[in-house]
Amino acid sequence: MDAITWFAEHFIGLFNKSAESLTGLITGILPLLIVLLTAMYAITTWIGEERVTRAVQWAGKYAITRYSIMPIIAVIILTNPMAYTFGRFLPEKYKPAFYDSAVSFVHPVTAFFPHANAGELFVWTGVAAGVQQIAPDKYARLAVLYFVVGIIVIIIRGYLTQWITRILINRGGHQETFKRFDELYESGQIQGAKTEGGVL
């Protein structure tokens with residue numbers, strides 16, 4: 001009988017704790033996420049979608065900005081997973097590296113912009129939970145370091161994936177295909193252009 005009572009108490013206790021956690025999210029992080037999302041959409045509207053697009057296209061011209069500024073803007077403004085659509089502004093040969101950079105930034109960005117990857121905010125909260133308990137005064141420093149290290153990592157990953165992509169294109173004998181992709185891109189056919197192999 002004691003075992004049944006213990007099980008019943010702990011079974012309902014699990015749901016009580018879950019309800020407390022949900023209440024904490026609804027009164028804590030959820031309003032913050034809604035306000036941040038609203039602010040990002042307002043800023044984008046205020047700046048203008050065309051200006052944002054031009055800034056992204058400029059960032060895509062140079063490797064250092066392509067794997068730093070471009071993914072940062074994409075993740076903060078469009079959030080995960082829409083951020084990857086900024087890759088459409090790039091030639092085909094750079095898209096894998098951009099994706100690698102952007103996907104690698106969706107966790108470090110949550111230190112300052114939790115709205116950008118709200119579905120996986122638990123990664124940052126898990127990293128920061130111990131610091132909050134042991135040294136709350138170091139929380140801001142941890143957030144800055146997490147964010148900065150994220151930027152360093154996405155630059156390294158972008159360059160590395162670009163290098164690997166170039167090797168695979170050459171090894172597979174796809175130079176002519178990608179040359180054709182580059183020509184289509186230069187002619188202004190950024191995405192959706194028909195080619196012999198299907199859709200670019």
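**View 1. Glutamine 162, a buried residue in helix H8 of a predicted model.** At 13% relative accessibility, glutamine 162 falls under the 20% cut-off and therefore counts as buried. The model shown here and in the views below is a predicted one. Glutamine 162 belongs to helix H8, which takes in residues 139-171. So who are its neighbours? Which residues does glutamine 162 contact once those within four places in sequence are set aside? The list reads Ala63, Arg66, Tyr67, Tyr94 and Ala97.

**View 2. The whole chain, for orientation.** Before zooming in further, here is the backdrop. The protein chain carries nine helices and two strands. Starting from the N terminus, the order of elements is α-α-α-α-α-α-α-α-α-β-β. There are 200 residues in the protein chain, and 34% of them count as buried. If you look at contacts with a separation of 6 or more, 61% of those in the protein chain come from residues 24 or more positions apart. The accessible surface of the protein chain is about 12,500 Å², with 67% of it belonging to carbon and sulfur atoms.

**View 3. Asparagine 117 in the loop between helices H6 and H7.** This loop runs between helix H6 (95-105) and helix H7 (122-134), and asparagine 117 sits in it. Is asparagine 117 buried or exposed? Its relative accessibility is 4%, so asparagine 117 counts as buried. Its side chain makes a polar contact with another asparagine side chain, that of asparagine 80, at 3.0 Å. Leaving out residues up to four places away in sequence, asparagine 117 touches Asn80, Val106, His107 and Thr110.

**View 4. Helix H5 and the residue just after it.** Of the 10 residues of H5, seven are buried, so the helix is largely enclosed by the rest of the structure. Which residues of H5 are the buried ones? They are Met70, Pro71, Ile72, Ala74, Val75, Ile76 and Ile77. Isoleucine 69 is also part of helix H5, which covers residues 69-78, but isoleucine 69 is partly exposed, with a relative accessible area of 35%. Just after H5 comes threonine 79, which takes a positive phi of about 65°.

**View 5. A nonpolar patch at the surface.** Isoleucine 69 turns up again here, as one of the residues in a nonpolar surface patch. The other members are Trp58, Tyr62, Ile64 and Tyr159, and the patch is about 490 Å².

**View 6. The salt bridges.** How many salt bridges does a search of the whole structure find? It finds two. Side chains of opposite charge can pair when their charged atoms come close. One salt bridge brings together arginine 157 and aspartate 100, with the closest N and O atoms 2.7 Å apart. That pair links distant parts of the chain, since arginine 157 is in helix H8 and aspartate 100 in helix H6, 57 residues apart. Arginine 157 is partly exposed at a relative accessible area of 38%, whereas aspartate 100 is buried at 13%. A salt bridge also joins the side chains of lysine 95 and glutamate 92, at 2.7 Å from N to O. Here lysine 95 and glutamate 92 are both buried.

**View 7. Phenylalanine rings between a loop and helix H8.** Across the whole structure, a search finds 10 aromatic pairs. In one of them, phenylalanine 112 and phenylalanine 147 have ring centres 5.4 Å apart and planes at 70°, so the pair is edge-to-face. Phenylalanine 112 lies in the loop between H6 and H7 and phenylalanine 147 in helix H8, so the pair ties together parts that are 35 residues apart in sequence. Phenylalanine 112 is partly exposed, with a relative accessible area of 39%. Phenylalanine 147, at 14% relative accessibility, counts as buried. Zoom out a little and there is a cluster: ring pairs link Phe105, Phe112, Phe113 and Phe147.

**View 8. Lysine 138 in the loop between H7 and H8.** The loop between H7 and H8 is where lysine 138 is found. Its relative accessibility is 41%, so lysine 138 counts as partly exposed. How does its place in sequence relative to alanine 128 translate into space? Lysine 138 and alanine 128 are 10 residues apart in sequence, and their C-alpha atoms are 9.7 Å apart in space.

Conventions:
Residues numbered from 1 in each chain as written. Predicted model: local features only at pLDDT ≥ 70, side-chain atom pairs only at ≥ 80, totals over all residues. Heavy atoms only, no water. Helix = DSSP H or I, 4+ residues; strand = E, 2+ residues; numbered from the N terminus. Buried < 20%, exposed > 50% of the residue type's maximum accessible area, 1.4 Å probe, protein only. Contact = heavy atoms within 4.5 Å. Polar contact = N/O pair within 3.5 Å; in protein donor to acceptor, adjacent residues only side chain to side chain. Patch = residues over 30% accessible without salt bridge, like charges linked within 9 Å, V, L, I, M, F, W, Y side chains within 5 Å. Areas by Shrake-Rupley, 256 points an atom, 1.4 Å probe, with all protein chains shown as cover. Salt bridge = Lys/Arg side-chain N within 4 Å of Asp/Glu carboxyl O. Phe/Tyr/Trp six-rings, centres within 6.5 Å; stacked < 30°, edge-to-face > 60°.
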